[in-house]
Amino acid sequence: MQIYLPIAEVSVNAFLLLGLGGIVGILSGMFGVGGGFLMTPLLFFIGIPPAVAVATEANQIVASSFSGVLAHFKRKTVDLRMGLVLLVGGLIGAALGVQLFNYLKAMGQVDLLVKLSYVIFLGIIGGLMFLESLRAIMKTRGGAPVSTRRKHTWVHNLPFKMKFRTSGLYISVIPPIIVGVLVGILAAIMGVGGGFIMVPAMIYLLGMPTKVVVGTSLFQIIFVTAFTTLLHATTNFTVDMGLAVLLLIGGVIGAQIGARIGVKLKAEQLRILLAIMVLAVCGKLALDLLLMPSELYELGAGGH
Amino acid sequence: MNLARGGIDMIRLALALLMLMILPARGEQVVAGLSQNRVSITATFVGSEILIFGAVKRDAPAPVGEPLEVVVVVEGPSHPVTVRRKAKRWGIWVNTDAVLVDSAPSFYAVATSNTLANSISEIDDLRHHISIPQAIRLVGEAQEGLNPRDFAEAVVRIRGDAGLYKVEENAVKLAQDTLFDTRILLPANLTEGEYRTRIYLTRGGYVASQYETIINVQKVGLERWIFNLAHERPLVYGILSLVIAIAAGWGASAAFRLILRT
């Protein structure tokens, strides 16, 4: 069934969108990731204009994170104070990111910015994940226990310290704000929640306990992506309601299925699968940039 | 350039007057109709086929000799288009050069009863702006070292590949030099606006009579409402899309849990 998307102004198959939402949902349920970083490039591949894909995906992430954060609130695994500090940074970052996005859009370089950011981030994350899970598989085979120890780093010597009771931390607010700003910029230009950057940063850089990390990052992501959605909607008019709803319905159902599959697989195997997938998407985008395109010209809206 | 346009307009006016004088003598006039004057873009819009039909009205017996042909042109609203060209920089393909094409129609279809060259002479093609290159206007000065023609050709090629620009030769059926009809397919990726539809009757490649009408293409219903809201009250639209998305997400997960339980 073809459906005409009013904002993207393209006609696409509704079942294709539901299916895409479903597949990405299954993956995000299996791996416990947001899925924005997979969905946005997939939307490019089916011909949704990148500006619309990024803005609409931000809208979808708000909704898919919402039910997640409710569950975490029930389990009391959200550090509200840390979430608010991250949020302050995130809002600043999102505003900066949308500015940058609009500036490059006027210059005709926004596709390049979005795709290049994806290649770089997917490449780094996918590569690191691949190596780490490979190492973990080797280690479990060798039988050596994996030890973790909290270290005292430069992060703990900065001013403006604040007590974060839920996380059991007494650290400066500067590093969380910087993390927030970076994630906000990524949310605005890549249409991702940024969990894949924030979660490792919270664990390794801020030293937060793992159990509150996911809930807190979801809490921050909801508000930052909601803010990004509003910024894109008011400055670019690129949020497509119909597209978001279709992707979402598929995504939510997929996530439930994925979570059930995920329980049955081993963590290392899951991680290596995800790493391979991330690298595959990264490779496809990189090839688009590296190989000579079959059509060198591109049309944009006229006027300046 | 404006001066030249003015000149062309003058010539056109003179020709129109001339034609008015000639017409009664030749006594051939085109009368035409469309299967629809309005195309509505709804949520399930997959394109639309317009039937264009008509007849040749004569006061006197048809002149012999030069063959009678029919040319139909459907033209969407024109907009300026920025055409960008990629080049290899630091190992990757990047948009580098850009040319502003002053005006290019969003849709352009030409259907003829013979080959295009046999249906309309070169002079009347220029005069009436019929073939695709005539529809694209390029007046602004380009950057140095760029050939703006390449960029205009890219517009024709890209829109042609998207099914938006097309020339369909021998697509107008002409029966007994009197009745004709053709179908023009409007694809799903249409833009809104007035689609100017022209029908030319030619004798030996020269326009003998013409008829002009308009097809209105509009988003309607939900599509119209969403589009207007997004552009006129973007903040309300943004908040609404967040609320709808959250409600849909929540609803879908609740429904799924319900299904699993039963």
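**A shared nonpolar core and the contacts around it**

In this predicted model, the largest nonpolar core runs to 152 residues, and the members that touch the most other members are V62(A), L248(A), I249(A), V72(B), V101(B) and A245(B). Helix α8(A) supplies the largest share of this core, 13 residues. Chain B chips in from two places: domain 1 (2–219) and domain 2 (220–262) both give residues to the core, so it lies between them.

A245(B) is a handy spot to look at in detail. Leaving aside residues up to four places away in sequence, A245(B) touches N59(A), Q60(A), V62(A), A63(A), A244(A), V245(A) and L248(A). Two of these partners, V62(A) and L248(A), also turn up among the core residues that touch the most other members.

Zooming out to the chain–chain contact, 46 residues of chain A meet 47 residues of chain B. On the chain A side, the elements giving two or more residues are the strands β1 (2–5), β2 (10–13) and β5 (297–301), plus the helices α3 (50–74), α8 (210–235), α9 (241–264) and α10 (267–290). The top contributor on this side is α9(A), with eight residues. Sorted by class, the chain A side comes out at 29 nonpolar, 14 polar and three charged residues.

Then there is the contact inside chain B, which is split into domain 1 (2–219) and domain 2 (220–262). Here, each domain puts in six residues. On the domain 1 side, β2 (38–41) and β12 (206–219) of chain B are the elements that give two or more residues. That side has two nonpolar, three polar and one charged residues.

Key: Residues are numbered from 1 along each chain as its sequence is written. Chains are lettered from A and ligands numbered from 1 in the order in which they are written. This is a predicted model: local features need pLDDT of at least 70, side-chain atom pairs count only at pLDDT 80 or more; totals for chains, interfaces and linings use all residues. Two residues are in contact if their C-beta atoms, placed from the backbone, lie within 7 Å. Helices (H or I, at least four residues) and strands (E, at least two) are DSSP runs, numbered from the N terminus. Ala, Val, Leu, Ile, Met, Phe, Trp, Tyr, Cys and Pro count as nonpolar, Asp, Glu, Lys and Arg as charged, and the others, Gly among them, as polar. Domain bounds come from an automatic or database domain assignment. A nonpolar core is a set of buried Ala, Val, Leu, Ile, Met, Phe, Trp, Tyr and Cys residues joined through C-beta atoms within 7 Å. A residue is buried if 20 or more other C-beta atoms lie within 10 Å of its own, exposed if 12 or fewer, and partly exposed in between; C-beta atoms are placed from the backbone.
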